[in-house]
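User: I have a model open and want to test the labels people put on it. Can I ask how each one is justified?
Analyst: Go ahead.

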Amino acid sequence: MSSHQDAESFFLEYKPKYKIFHELMDIRMRNVLLVSSIYDSFMLEEDGRLSDQIYEEFQNLNLRTLPRITRVSSANEALEMLGEKKFDLVITMRRLGDMDAFSFGVNVKSIQDIPVILLLNSVVEIKYLPEFEKRKGIDRVFVWNGDSKIFVAIIKHLEDKFNADYDTQKGNVRVFIFVDDSIRFYSLLLPELYGEIMRQTHRLITEGTNDFQDLLKMRVRPKILLAETYEEALAYYEKYKDYLMGVISDIEFPVDGKLTKNAGFLFAKRIKEENTNLPIVLQSSKEFYREEAEEMGCFYIHKRSHGMMWDLRNWLLQYVGFGDFVFKNQDGVEFGNANDVITFFSKISEVPLECLVFHGKNDHFSNWLHARGEFEIAETLKPRKVSEFTKEELQDFLLKTINKLVNEKTKGVINDFSYENYHHQILFLRLRPGSLGGKGRGIAFLMFLLNSFLIESEFEDISVEIPKTIVIGTDEYDKFMEENNLYEFALSETSDEEIKKKFVKAKLSKSIVKDLRFLLKDLTGPLAIRSSSLLEDSAYQPFAGIFDTYMIPNNQDGDEERTKQLCTAIKLVYASQFLKLAKSYAETIQQTVEESKMAVVIQEVVGHEHNDRFYPDFSGTASSYNYYPFGDYMKPEDRIAHLALGLGKTIVEGESAVRFCPKYPKINYFSTPDILLEQSQKNYYAIDLTMKEFDILNDDPYMKRLNLSDAIKDGTLTKIADSYNFESEALRDGFFGEGSPVITFGQQLKYSIFPLSELLTRILQIGERALGSSIEIEFAGTFKNSPDEKNVFSILQIRPFLQQEILLMEDYDSVDVSQVLAYSNHVSGNLLRKDIQDVIYVKPEMFDKTKTLEMVEEIDELNALLLKEGRSYLLIGFGRWGTADRFLGIPVKWSNISGAKAIIETSLQDFMVDFSQGTHFFHNIVTANIGYFHIKHTKENHFIDWEWLQAKKPERELQYVNHVRLKHPLIVRIDAQNREGMIIKQEEKKE
């Protein structure tokens with residue numbers, strides 16, 4: 001199965017619940033034929049705006065499927081058009097001239113089996129109609145009352161009728177039955193009833209969701225089924241009683257073809273026999289019916305009351321469940337109210353237990369949830385009887401059941417921020433319109449995956465989650481740049497320092513500052529302010545680690561200071577798009593910084609406070625493809641992960657960390673203790689909670705680099721470290737303060753006390769299927785401190801990780817070994833280049849790990865010269881390229897080596913470190929398809945022809961670095977399929 005097919009099957013299997021909304025209301029009255037004489041057309045048009053009026057009504061009711069109305073002036077013209085074109089509905093006036101309306105209806109149905117509605121021009125015309133059973137060819141009669149709302153009612157009435165079967169069974173959609181035989185009255189009331197239910201439904205579904213889902217959920221608004229006789233009403237009841245939300249019925253209407261004075265009471269009594277709690281309205285123009293209606297437990301409305309629609313609205317709010325849920329006991333004493341599901345959940349544990357018993361007996365819970373379209377939860381509650389539980393058990397059952405819905409409301413969707421619908425438990429907020437950016441999209445997708453798969457059910461002792469996230473959409477970035485007139489300045493040849501200062505002095509909009517101040521009241525811990533540009537974390541232009549992230553302590557005294565700190569970080573993230581590093585990388589992948597608009601992600605930092613510093617118990621990255629498998633049996637598809645104590649900067653910057661394969665997590669223990677000690681993590685990063693000043697020229701102003709002696713004081717090594725005894729040269733499980741700590745994550749990887757390998761494998765499997773490609777995730781977590789707690793595993797982001805497609809390679813199998821400059825089977829990339837004539841290399845004899853910063857300066861100087869000349873080059877050096885730990889390699893930034901098109905990292909006898917896998921730097925190299933070789937001098941077949949290279953006269957010679965220009969270009973060949981690469985010399989061959 002292809003990755004595309006696999007991803008498609010995945011989506012179909014695990015589609016979100018909202019997908020069912022796409023399938024509802026499938027039958028639409030899209031093409032309407034209106035047949036009316038010239039006079040009737042004039043009467044309908046009035047000022048010539050009938051189509052506009054209908055359009056306005058649809059817009060006012062938040063309806064998006066507008067009908068197309070075609071008008072003709074005679075029956076014959078209409079029948080001729082029906083023979084040529086497909087229509088969904090015919091609306092005809094009574095005066096057709098050449099044919100009466102009923103004969104016309106019969107003829108229409110002989111051509112197309114579609115509904116035909118007769119629209120009378122005046123109530124006077126009602127008395128000229130034949131009896132009900134003689135109205136052949138006409139499905140329903142309405143009377144024009146001068147208001148275009150009647151057309152909305154006609155169309156929605158028919159759509160509801162035709163879609164009711166499917167939508168109730170598949171979508172659990174609710175139904176109202178409206179019974180009235182008065183054409184005049186139902187023509188007046190039905191448009192108003194639709195308008196009221198549409199408005200109430202729209203009000204409810206906007207509680208804490210987003211615009212897209214609002215539109216979809218409008219399709220689950222209750223249907224209104226119109227009946228004119230007892231038999232028609234009873235048939236609707238028998239068919240849809242499991243989905244019935246309420247009944248609005250006249251009292252006098254036909255039974256067995258005869259007008260019956262108490263028909264409404266008979267119908268209500270029949271319903272009450274099976275469903276005593278169903279809300280029912282009985283209405284009449286005769287006041288003396290009120291007492292009997294109310295004795296039956298029905299709501300009564302006087303038809304001729306000026307407050308009729310207000311009474312109907314009151315019934316919908318109080319009895320059907322469209323209003324607030326008012327907690328009260330059987331005596332009517334109120335104990336609070338809830339206007340949304342989240343507040344409702346919190347109130348369950350606060351109100352007296354007798355309230356819950358009262359509401360449970362009367363189906364108030366399920367009715368209220370049905371009104372909000374929460375059918376699944378409502379149906380879980382409805383069949384359960386209060387008598388099944390003690391009071392305490394009832395409360396516990398309600399809490400557990402509603403909790404599922406609360407999780408979905410707060411953790412399952414992107415919520416657009418508003419003061420009215422905000423709740424502190426909401427997990428993902430979009431603070432402004434526009435794109436979420438690459439990182440924001442990834443986090444939102446993670447939320448969907450976690451909500452869909454319920455991974456926690458597979459790992460009961462672990463809470464798998466994403467941190468609380470707020471995303472400022474790209475519209476705010478546009479506004480900030482334009483209102484402060486920053487584009488021209490930012491795109492000029494200005495220093496990074498000046499750009500940062502200018503952006504920090506610029507003003508964010510007053511509205512965003514106000515909203516941030518409001519949100520900070522529920523964000524009391526450290527925050528990560530992350531970039532989320534349009535191109536960031538995409539598969540083909542990743543920009544991983546190119547833009548800035550700021551960790552802020554968020555602990556200043558006073559809301560103003562905290563808000564100021566947050567706003568400064570946001571502005572610096574905006575500025576990072578125009579710094580030297582971002583510009584040079586954009587040029588490398590042939591993009592412009594203007595193309596990458598910036599959203600901003602604000603996330604709570606995972607971790608705990610220890611002695612005025614804040615950090616997680618562990619952080620890491622995991623990738624579904626391992627470019628450098630180790631061991632004889634390990635394969636690239638077995639995946640790779642890195643773990644470290646503290647913040648993830650340790651890993652993404654290329655410092656020492658635990659590297660392991662989730663399929664073979666114990667393989668690290670085959671290393672000797674002294675090697676494990678040497679390669680173990682020595683330092684970690686935390687947020688300094690004592691730092692108050694925001695140094696805007698410092699890339700990590702609140703970040704502190706600590707050593708393991710600090711972790712010993714904090715007590716954070718006991719679950720992740722082992723002890724090395726220098727006397728016995730042995731490594732013992734666990735660290736209890738004696739010996740030297742060696743961070744191994746043995747409890748997690750060797751003994752699976754925390755099944756980290758299994759969890760990572762599961763998450764990567766899900767992500768790969770969902771994205772249809774290799775992926776990389778970043779994560780952090782904390783360990784539980786008591787049996788009542790859970791371990792926390794937080795996924796911070798997910799991004800596609802490009803596996804290059806296989807190129808058709810030329811055959812170099814017969815290449816003479818003397819022609820090979822370099823060879824390795826630890827490579828990444830997939831390319832064939834024949835245009836590189838320049839080589840920049842660190843001199844082996846001059847390499848000193850204490851002088852790597854000086855080497856960066858020399859490489860940067862040569863890179864700038866070659867960029868001006870428009871020449872690509874091969875770069876060779878020792879240790880990890882791009883590491884933040886200058887003792888593990890050469891700590892270049894992207895802008896220092898932006899002209900390199902092939903890179904070699906190699907080792908020396910006295911300088912061997914792990915590969916540069918798992919870093920942002922490495923991710924960008926892979927996705928930019930820059931050829932990357934790791935050459936280990938002790939590994940068989942790995943080699944560099946240093947003798948040949950050093951024999952070439954340097955074009956430029958510096959203290960640590962040489963630049964060589966060759967007469968003939970090198971051939972750089974990396975074969976992704978066979979995972980091998982070589983660089984071929986052409987000098988001797990041609991000379």
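User: What makes the contact between S74 and E77 at the start of α5 a polar contact?
Analyst: This is a predicted model. In it, a side-chain oxygen of S74 comes to within 3.2 Å of the backbone nitrogen of E77. The cut-off for a pair of N or O atoms is 3.5 Å, so the pair qualifies.

User: Which residues of α5 are buried?
Analyst: Helix α5 spans residues 75-82, and A75, A78, L79 and L82 are buried in it.

User: How do you know that they lie on the same side of α5?
Analyst: They cover an arc of only 95° around the axis, which puts them on the same side of α5. The general rule fits: an α-helix has 3.6 residues a turn, so residues three or four places apart point the same way.

User: What covers the buried residues of α5?
Analyst: The cover includes strands β1 (31-35), β2 (68-72) and β3 (89-92), along with helix α6 (101-111).

User: Why is E252 called buried?
Analyst: E252 has 15% relative accessibility. Buried means under 20%, so E252 counts as buried. It lies in the loop between β8 and β9 (253-255).

User: What makes the pairing of E252 with K286 a polar contact?
Analyst: The two side chains are joined at 2.8 Å. The limit is 3.5 Å, so this is a polar contact. Y289 also has a polar contact of 2.8 Å with the side chain of E252. Leaving aside neighbours within four places in sequence, E252 is in contact with D181, L259, T260, K261, K286 and Y289.

User: Is F265 buried or exposed, and how do you know?
Analyst: F265 is at 5% relative accessibility. Buried is under 20%, so F265 counts as buried. It sits in helix α11 (residues 263-272). Beyond four places in sequence, its contacts are I251, L282, Y289, E292, A293 and M296. The C-alpha atoms of F265 and S249 are 9.1 Å apart, with their positions 16 residues apart along the chain.

User: Why are β7 and β12 called edge strands?
Analyst: Each has a single partner strand, so one side of each is left without a neighbour in the sheet. The sheet is open, has 5 strands in the order β7-β6-β8-β11-β12, and its pairing is parallel. From one strand to the next, the twist averages 20°.

User: How do you know that β8 and β11 pair?
Analyst: Two strands pair if there are at least two bridges between them. Strand β8 (residues 244-250) and strand β11 (residues 280-284) have 4 bridges and run parallel, so they pair. I248 stands opposite V281 in β11.

User: Which helices lie across this sheet's strands?
Analyst: Helix α7 (residues 149-171) lies across β6 and β7, at about 115° to β7. Helix α13 (residues 308-320) lies across β6, β8, β11 and β12, at about 165° to β12.

User: What makes I470 a buried residue?
Analyst: Its relative accessible area is 3%. The line for buried is under 20%, so I470 is buried. I470 lies in strand β18 (residues 469-472). Its contacts, leaving aside neighbours within four places in sequence, are L429, L431, L519, L523, V600, V601 and I602. Q603 is 133 residues away along the chain, yet its C-alpha atom is 6.5 Å from that of I470.

User: How is the sheet that holds β24 ordered, and what makes β17 and β26 its edges?
Analyst: The order is β17-β33-β32-β24-β25-β26, an open sheet of 6 strands with mixed pairing. The edge strands, β17 (462-465) and β26 (658-660), each pair on one side only. Helix α19 (residues 437-453) packs on this sheet, touching β17 and β33 (791-800).

User: How do you know that β25 and β26 pair?
Analyst: They share 3 bridges in the antiparallel sense. At least two are needed, so the strands pair. L643 has V658 of β26 as its bridge partner.

User: Which residues touch the most other members of the largest nonpolar core?
Analyst: F503, I529, I570, Y574, I602, I777 and F793 do, in a core of 110 residues. A second, separate core of 65 residues includes V32, L189, I301 and M308.

How values were computed. Residues numbered from 1 in each chain as written. Predicted model: local features only at pLDDT ≥ 70, side-chain atom pairs only at ≥ 80, totals over all residues. Heavy atoms only, no water. Core = buried A, V, L, I, M, F, W, Y, C linked by side-chain atoms within 4.5 Å. Buried < 20%, exposed > 50% of the residue type's maximum accessible area, 1.4 Å probe, protein only. Helix = DSSP H or I, 4+ residues; strand = E, 2+ residues; numbered from the N terminus. Arc of directions from axis to C-beta. Contact = heavy atoms within 4.5 Å. Polar contact = N/O pair within 3.5 Å; in protein donor to acceptor, adjacent residues only side chain to side chain. Axes fitted to C-alpha atoms, helices over the stretch in contact; angles between N-to-C directions.
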